[in-house]
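Please open the model in your viewer and keep the selection panel at hand. The tour below moves from one selection to the next and says what can be found at each stop.

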Amino acid sequence: MNQAVISCLHANLPAVEAVLKDIELQGITNITCLGDLVGYGPQPNEVIELIKEKKIATCQGCWDEDVVDGLDACDCSYPSQIAERRGHFAHQWTTEKLTKENKDFLANLPYSIRKDKCLFVHGSPNSQHEYLLPDMDAFAALERVENAKAEILFCGHTHQPYIRELANGSIAVKVKNSGSKDIQKKEMNLPMRRIVNAGSVGEPRHGGTKATYVVYNDITDDVKIREVEYDIELTCKAIINAGLPPIFAWRLKNGFEFAERAEDASHVCER
Amino acid sequence: MIERWALISGLKGDLDTYELIQKDLKKTPGNITLFVLGDMIGPEKNCNKLLHRLINPKSNDLQPWCIYGWWEEQILLESGYRGNQRAEALRINKGEEVVKSLINAVDKSFLDWIAALQFGFVELDCGLIHGSSKDVGDDLTLDTPPLTLLDRLTRLQVNRLFTARSTQQFHLELTEGILNSEVHDLTGNHKKEQKVPQKAVIGVGAGKNYTLYDVGTDNTQFVRAGYQSEKKKNGFGLHF
């Protein structure tokens, strides 16, 4: 059965509506959202209310968490001071616009959702702020899935959709302890695991302007990345009219690949 | 001259053991640097004399380079050095009495010194940490999955990780391995084969059990204070 996984909606209502329409056209009713309903975009309340109305299972993203708990991520979240200032402005703007009910909704979202062999998180099983980039160390990537006791890890946060298969792995070790004279050798095979990044509905950063999400078939294990066109002009105008930094609109309009993310993908915020 | 590191941990206020180790190290050949990987304090005995000695070494002592360990973290938590957090994990696992004993075992005048200690050292291509790069309480042992060990090494970008939390002495070397990674994205398929780099995790022991590391040869030796080097006596020095 097909299920859709969406992430990083970022208060971009036209993009969310277009993606939900695309999902509906495929006859898919099982949808999971990996968080970041708000932040950067101009329609935070509208997007939350749509997710609530559609009863979409959602886990908490880093923006959702920060809007509720206050900005307590360390400055690794941004690649530059100017990006950090823009991010903080958007944070403040979003906090002011959100209704109490919607803040409560974000506050009560779970960190992760588990369905059989699949685990759904925003960033990584360690943190909503950790980036699992497609080129991160393969063993570290496998460790994230394996330690989470999942076979397929669905994540977002990077805004770059991808499917990563980690297979045919093995590790050999030599061990020695103080109680033994012998050196033991062990070799173990590593399990095949997958990481699926759903990309971003509301703020794509894969080099294109289309919203992205993934469709997963839980019978065949097949995963497809979907790209969906939406009315970008509408969102851009709303960003400008809301008084948010114009670069947010420019980024959407141009499919800016630049990702506002930490240099060190393995870094986990000490909170 | 041979450069050696002596890695000790888990003294928990035991000045006698510390003096025994200092005595041992004076007889050990080479240019020795002494690292104390945390747990200088504990709830069992008064720790003030040991802390005073670590802060004010005797003229013939090897200078100790200290980092904080799990017990130091607990006292800092309980003493309000970590914001509103308290040592709840300790309280739940060991009870209120142990929390009180820990507080009573360390004079408040030492807390600022403890709070100023570093989480770990990175020397050459080695990480020296009480637990791991993930957490001061991370308990790495021989039974920890190699993937987890690799992750802890990768986070710190080191080839050797010296850890003390488990109190065990061990040397686990990741010798070889492979993992195929295939990424499918909107630009196509990208295949990559990654090999396990030669890295090792070394448990340094605790109390009288400590570790000598020859920087030049990468050899690890497990030692018990007050005895001749086990390497010489029993021939089980490690040569990885």
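Begin with both chains displayed, bearing in mind that this is a predicted model, and select the contact between them, where 34 residues of chain B are in contact with 34 residues of chain A. On the chain B side, helix H7 (146-156) and strand E7 (169-185) each supply at least two of the residues that touch chain A, and E7(B) gives the most to that side, with 17 residues. Coloured by class, the side of chain B that touches chain A shows 16 nonpolar, 12 polar and six charged residues.

Now keep E7(B) and add strand E7 (residues 162-177) of chain A, since the two strands are paired across the chains: 14 bridges join them, and they run antiparallel. Two positions are useful for checking the register by eye. Val173(A) stands opposite Leu174(B), and Lys176(A) stands opposite His171(B). As you step along the strands, recall that in a regular strand the side chains alternate between the two faces of the sheet.

Stay with E7(B), but turn to its partners within chain B. Strand E8 (residues 188-195) of chain B pairs with E7(B) in the antiparallel sense over eight bridges, and the two form a hairpin with two residues between them. To find a bridge of this pairing, select Asp185(B), whose partner in E8(B) is Gly188(B). Strand E9 (residues 199-204) of chain B is also joined to E7(B), by six bridges, and these strands run antiparallel; here Leu172(B) stands opposite Val201(B).

Next, still in chain B, select helix H3 (residues 70-78), which is mostly covered, with seven of its nine residues buried. The buried residues are Trp70(B), Trp71(B), Glu72(B), Glu73(B), Gln74(B), Ile75(B) and Leu77(B). To see what lies over them, add helix H4 (88-94), helix H5 (96-105) and helix H6 (111-115) of chain B, which are included in what covers the buried residues of H3(B). Then look just after H3(B), where Gly80(B) takes a positive phi of about 85°.

Move to chain A and select helix H3 (residues 62-69) together with helix H5 (residues 100-107), which pack at an angle of about 120°, with their axes 9 Å apart. An angle of this kind falls outside the ranges counted as roughly parallel, roughly perpendicular or roughly antiparallel, and H3(A) and H5(A) are therefore oblique to each other. H3(A) passes H5(A) in a left-handed crossing. The contact is made by Asp64(A), Val67(A) and Val68(A) of H3(A) and by Lys103(A), Leu106(A) and Ala107(A) of H5(A), so that by class it has four nonpolar, no polar and two charged residues.

For the last stop, select the open sheet of five strands in chain A, whose order is E3-E2-E1-E10-E11 and whose pairing is mixed. Its edge strands are E3 (57-58) and E11 (223-228) of chain A, each of which pairs on one side only. At the E3(A) end, strand E2 (residues 31-33) of chain A is joined to E3(A) by two bridges, and these strands run parallel. One residue to pick out there is Cys33(A), whose bridge partner in E3(A) is Thr58(A).

Methods. Residues are numbered from 1 along each chain as its sequence is written. Chains are lettered from A and ligands numbered from 1 in the order in which they are written. This is a predicted model: local features need pLDDT of at least 70, side-chain atom pairs count only at pLDDT 80 or more; totals for chains, interfaces and linings use all residues. Two strands pair if DSSP finds at least two bridges between them. Helices (H or I, at least four residues) and strands (E, at least two) are DSSP runs, numbered from the N terminus. Two residues are in contact if their C-beta atoms, placed from the backbone, lie within 7 Å. Axes are lines fitted to C-alpha atoms, for helices over the stretch in contact, and angles run from 0 to 180 degrees between N-to-C directions. Angles under 35 degrees count as roughly parallel, over 145 as roughly antiparallel, 65 to 115 as roughly perpendicular and the rest as oblique. A crossing is left-handed if the near helix is turned anticlockwise from the far one by less than a right angle, and right-handed if clockwise. A residue is buried if 20 or more other C-beta atoms lie within 10 Å of its own, exposed if 12 or fewer, and partly exposed in between; C-beta atoms are placed from the backbone.
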